[in-house]
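New to this one? Let's take a walk through it together, starting with the overall picture and ending at a single side chain.

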Amino acid sequence: MDKTLVNSREFFEEAFHNAQLDYREVEFESADPVPSISLKIDNGRIKQVLANLIDNAVKYGGTNIIVKVEKLGGYLQINIKDNGQGIEKEDLPSIFNPFFRGEKSRSRESGGTGIGLAIVKYIIEAHGGEIRAVSKPGKGSEFVFTLPLYLKGE
Ligand SMILES: Nc1ncnc2c1ncn2[C@@H]1O[C@H](COP(=O)(O)OP(=O)(O)O)[C@@H](O)[C@H]1O
Ligand SMILES: [Mg+2]
């Protein structure tokens with residue numbers, strides 16, 4: 001990882017603005033203003049995380065994506081919530097495993113390889129963060145990840 005200091009508001013506002021340009025048919029909503037704090041991150045890698053999560057949200061049926069960035073204690077928490085097909089209960093524990101693809105997703109023409117979320121998890125953990133997913137099948141999915149705040153001297 002090649003980490004540099006960035007301002008969280010500038011970074012995430014730009015990322016979500018670019019996502020809106022890439023997916024004009026999808027509505028991106030921001031739940032709250034993005035907090036303005038320092039993060040020490042690998043810019044390109046965290047952009048890759050957001051691109052993978054947003055690509056999934058759209059690919060698996062999302063037409064409305066709500067993003068929320070909050071400062072909680074010693075970290076920043078990023079939520080990406082879609083209104084797509086959702087994830088079956090039995091699939092949920094496996095989605096971060098390399099090459100896992102949900103039953104419904106395997107039958108899709110726009111086939112992925114099933115490594116997107118494994119890479120996402122690897123990158124988040126390499127930043128000292130965590131990622132989890134919650135979903136209501138048929139209603140949508142929500143991916144939540146954390147990034148530790150930058151503390152002086154680190
Ligand atoms: N936003 C989402 N909505 C519904 N299902 C999802 C979503 N994101 C991931 N999944 C499920 O998790 C599986 C693994 O995701 P991923 O690793 O990105 O692989 P891929 O997209 O190539 O199938 C997908 O096949 C799909 O079943
Ligand atoms: Mg994917």
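Here is a tour of the fold, then one helix, then one buried residue.

Keep in mind that this is a predicted model. The protein has four helices and seven strands, and starting from the N terminus they come in the order β-α-β-β-α-β-β-α-α-β-β. The C-alpha trace spans about 50 × 30 × 25 Å along its principal axes. A compact globule of 154 residues would have a radius of gyration near 15 Å, so the 15 Å found for the protein agrees with that. As for the inside, 44% of the 154 residues count as buried. Looking at contacts with a separation of 6 or more, 70% come from residues 24 or more positions apart.

Now find helix α2, residues 43-59. Its 17 residues should span 24 Å at 1.5 Å a residue, and because its end C-alpha atoms are 24 Å apart, the expectation holds. Several residues of α2 are buried, including Ile46, Val49, Leu50, Leu53 and Ile54. An α-helix has 3.6 residues a turn, so residues three or four places apart point the same way. Just past the end of α2, Gly61 has a positive phi of about 100 degrees.

Last stop: Glu142, which sits in strand β7 (residues 140-148). What is the nearest side chain of opposite charge to Glu142? That would be Lys81, at 4.7 Å; Glu142 is buried but has no salt bridge. Since a salt bridge has to be within 4 Å, Lys81 is too far away to count. The Glu142 side chain does make a polar contact with the side chain of Asn79, at 2.7 Å. Beyond its neighbours within four places in sequence, Glu142 also touches other residues, among them Ile80, Arg132 and Val134.

Methods
Residues are numbered from 1 along each chain as its sequence is written. Chains are lettered from A and ligands numbered from 1 in the order in which they are written. This is a predicted model: local features need pLDDT of at least 70, side-chain atom pairs count only at pLDDT 80 or more; totals for chains, interfaces and linings use all residues. Side-chain values use heavy atoms; hydrogens and water are left out. Helices (H or I, at least four residues) and strands (E, at least two) are DSSP runs, numbered from the N terminus. The expected span of a helix is 1.5 Å times one less than its number of residues. Buried means under 20% relative accessible area, exposed over 50%, partly exposed in between (1.4 Å probe, protein chains only). Lys and Arg count as positive and Asp and Glu as negative; His and the chain ends are not counted. A polar contact is a pair of N or O atoms within 3.5 Å; within protein, one must be able to donate a hydrogen and the other to accept it, and residues adjacent in sequence count only if both atoms are side-chain atoms. Contact means heavy atoms within 4.5 Å. The radius of gyration is taken over C-alpha atoms; the globule rule is 2.2 Å times the number of residues to the power 0.38.
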